[in-house]
Amino acid sequence: MKDKKIADLREKVEYKRKKGWEGVTGKTEKKVFDFAEQYKRFLNDNKTERETVSYYKKRAEEHDYKEESKSKLLLTNRGKNLMLIRKGSKPITDGVRIIASHVDCPRIDFKQNPLYEDTDLAFFHTHYYGGIKKYQWTNIPLELRGTVITKDGKRIYLKLGQDEGTIFVVPDLCPHLSRKTQGDKKAGEIITGENLALLAGSMPEQGKGKALVKLHILKLLNEQYGIIEEDLISSELEAVPAMQVMDLGIDRSMIAGYGQDDRICAFSSAEALFDTGIPLYTTIVFLADKEEIGSEGATGMNSMFLIRGIYRAAAAFGTVLNESDMLELLSKSGALSADVNAAVNPLYKSVYENDNASFVGRGIVVTKFTGHGGKYMANDADAEWVSHIRRIFNEGKIVWQTGELGKVDEGGGGTVAKFLAKYGMNVIDAGPALLSMHSPYEVSSKIDLYETYRAYKQFITQG
Ligand code: MN
Ligand code: MN
């Protein structure tokens, strides 16, 4: 065949990934960069699930979402899980559309009896949360955010870090002395769970006795926050990276910052809902907690909160459902499991199979299944739902790509998808691809953020 004919044939039949930045100039470029600024501020200010939920509660209220409403419902669950429900133009009995992301992120939690003193230094014992590479969390600035409930049941919000001018560090061993203790070990064993202790102070209370440094810290905590040591047992304290969210690169096309898995999807989906008029179907933006530890717990996707919300919404919007109506409604529903994928990292090409991997800068990733090995523990979206999503994304001229998580036998992971699928609805994973996922400083692309937001808007209007 002639070259021209080959080119025409390619155009006609070959699957070609779109490049996100292609043709982005002028006004569009400004829109992409402005949207990223708003996202960076959100990421900087909200580093825990509780903070993210209060932020979106407030923002939703500014957009007229209320606990009692005939069209815009706002429901929160224990301050760590939130759902926004917007009435659609079709009756709710035709099913709902859900965009479900998660607002918990890998981090280091304080143990319930955290404070101890060793060799004139005070530390906090910790217990990591989610899938982290422990060595990544040593010798980086960490800050403390969380909630303490005192003995009289008073809730105290603690925030101590970058903004307050003091941070915490997990001190690592210097290279001069680590040859045997660390050098001969596997990466996962270099740092043990107990080694992830946070350095908390070194100045003793003046006087005689043992553990005076610890006592001094307890005194300061009592003076500043009114808490005693036993109060820490009833606390949720998190150590999170104390690093500014920054533009990345000479061209500033990327964003580096903590917590982008999965606050990038939480942000894009909530903002998409605010920026869209009446949706086609009744639409739910769901911000889940506990995804990183398996979606269990009262604030995880596997709780009944979603169902309670749909009952409430149906009643508020004028249709009282019985249990069997609910099951019918759920089976007619469709969802995006809004979560991130692992972008190809060119420094470690061997773990990806490029034809089915996702790339930074090539738009939102549609992931048919996650899981591991022979698709174990996966929600495997059916071809019909993939086709529907593909069609509406193409109609909206969304830059999207298909991708699975690494090579078949390389590893794997899960999302909230299967916990939605158990209700018999259509579910597929859709979110941007990140570099350095689950690290203290994850990397995303500004154009992928923008295309993800546009894709969610398209889902809201086209169902
Ligand atoms: Mn995630
Ligand atoms: Mn994750």
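# Reading the sheets and the manganese sites

Tutor: Let us begin with an open sheet of 8 strands, whose order is S1-S2-S12-S3-S13-S19-S15-S17, with mixed pairing. Please keep in mind that the model is predicted.

Student: Which strands stand at the edges of this sheet?

Tutor: Strands of a sheet pair through backbone hydrogen bonds, either parallel or antiparallel. Here the edges are taken by strand S1 (72–77) and strand S17 (400–402); each has a single partner strand, so one side of each is left without a neighbour in the sheet. From one strand to the next, the twist averages 20°.

Student: Which way do strand S3 and strand S12 run, parallel or antiparallel?

Tutor: They run parallel, and 7 bridges join S3 (residues 96–102) to S12 (residues 282–288). Within that pairing, serine 101 has leucine 287 of S12 as its bridge partner.

Student: Which helices pack on this sheet?

Tutor: One of them is helix H10 (residues 383–395), which touches S3, strand S13 (334–337), strand S15 (364–367), S17 and strand S19 (426–431). The direction of H10 makes about 45° with that of S19. Helix H12 (residues 446–462) also packs on the sheet, touching S3, S12, S13, S15 and S19, and its direction makes about 155° with that of S3.

Student: How should I read the edge strand S1, and how many of its residues are buried?

Tutor: In S1, 5 of the 6 residues are buried, so the strand is largely enclosed by the rest of the structure. S1 pairs with strand S2 (residues 81–86) in the antiparallel sense over 6 bridges, and methionine 83 in S2 is the bridge partner of leucine 75. The hairpin of S1 and S2 has 3 residues between the strands, and in it arginine 78 takes a positive phi near 55°.

Student: What can be said about the two faces of S15?

Tutor: In a regular strand the side chains alternate between the two faces of the sheet. In S15 both faces are covered: Ile364 and Val366 lie on one side, Val365 and Thr367 on the other, and all are buried. S15 runs parallel to S17, joined by 3 bridges, with valine 365 opposite glutamine 401 of S17. With S19, S15 pairs in the antiparallel sense over 3 bridges; there, valine 366 has alanine 430 as its bridge partner.

Student: What is the order of the strands in the sheet of 6 strands?

Tutor: That open sheet has the order S7-S6-S9-S4-S5-S8, and the pairing is antiparallel. Strand S7 (155–160) and strand S8 (198–201) are the edge strands, each pairing on one side only. Neighbouring strands are turned by 30° against each other on average, direction ignored. Strand S6 (residues 142–149) is joined to S7 by 6 antiparallel bridges, and leucine 144 stands opposite leucine 160 in S7. Helix H6 (residues 212–225) lies across strand S4 (107–118), strand S5 (121–129), S7 and S8, at about 125° to S4.

Student: Let us turn to the metals. Which residues are the protein donors of the manganese ion (ligand 1)?

Tutor: The donor atoms come from His102 (NE2), Asp261 (OD) and Asp339 (OD), the last listed twice, and they lie 2.1 to 2.5 Å from the ion. Along the sequence, the donor residues are spaced H-x158-D-x77-D. Histidine 102 lies in strand S3 and aspartate 261 in helix H7 (residues 260–274), so the pair ties together parts that are 159 residues apart in sequence. Both of these residues, histidine 102 and aspartate 261, are buried.

Student: Which residues coordinate the manganese ion (ligand 2)?

Tutor: Asp261 (OD), Glu292 (OE), listed twice, and His438 (NE2) coordinate this ion at 2.1 to 2.6 Å. Their spacing along the chain is D-x30-E-x145-H. Aspartate 261 bridges ligand 2 and ligand 1, the two manganese ions, which lie 3.2 Å apart. Aspartate 261 in H7 and histidine 438, in the loop between strand S20 (433–434) and strand S21 (442–445), are 177 residues apart; both are buried.

Student: How is H7 placed against helix H2?

Tutor: H2 (residues 26–45) and H7 pack at an angle of about 125°, with their axes 11 Å apart; the two helices are therefore oblique to each other. Their crossing is right-handed. The contact is made by residues including Phe35, Tyr39 and Phe42 of H2 and Arg263, Ile264 and Phe267 of H7.

Key
Residues are numbered from 1 along each chain as its sequence is written. Chains are lettered from A and ligands numbered from 1 in the order in which they are written. This is a predicted model: local features need pLDDT of at least 70, side-chain atom pairs count only at pLDDT 80 or more; totals for chains, interfaces and linings use all residues. Side-chain values use heavy atoms; hydrogens and water are left out. Two strands pair if DSSP finds at least two bridges between them. Helices (H or I, at least four residues) and strands (E, at least two) are DSSP runs, numbered from the N terminus. Axes are lines fitted to C-alpha atoms, for helices over the stretch in contact, and angles run from 0 to 180 degrees between N-to-C directions. Contact means heavy atoms within 4.5 Å. Buried means under 20% relative accessible area, exposed over 50%, partly exposed in between (1.4 Å probe, protein chains only). Donors are N, O and S atoms within 2.8 Å of the metal (3.2 Å for Na, K and Ca); water is not among the atoms, so sites may look incomplete. Angles under 35 degrees count as roughly parallel, over 145 as roughly antiparallel, 65 to 115 as roughly perpendicular and the rest as oblique. A crossing is left-handed if the near helix is turned anticlockwise from the far one by less than a right angle, and right-handed if clockwise.
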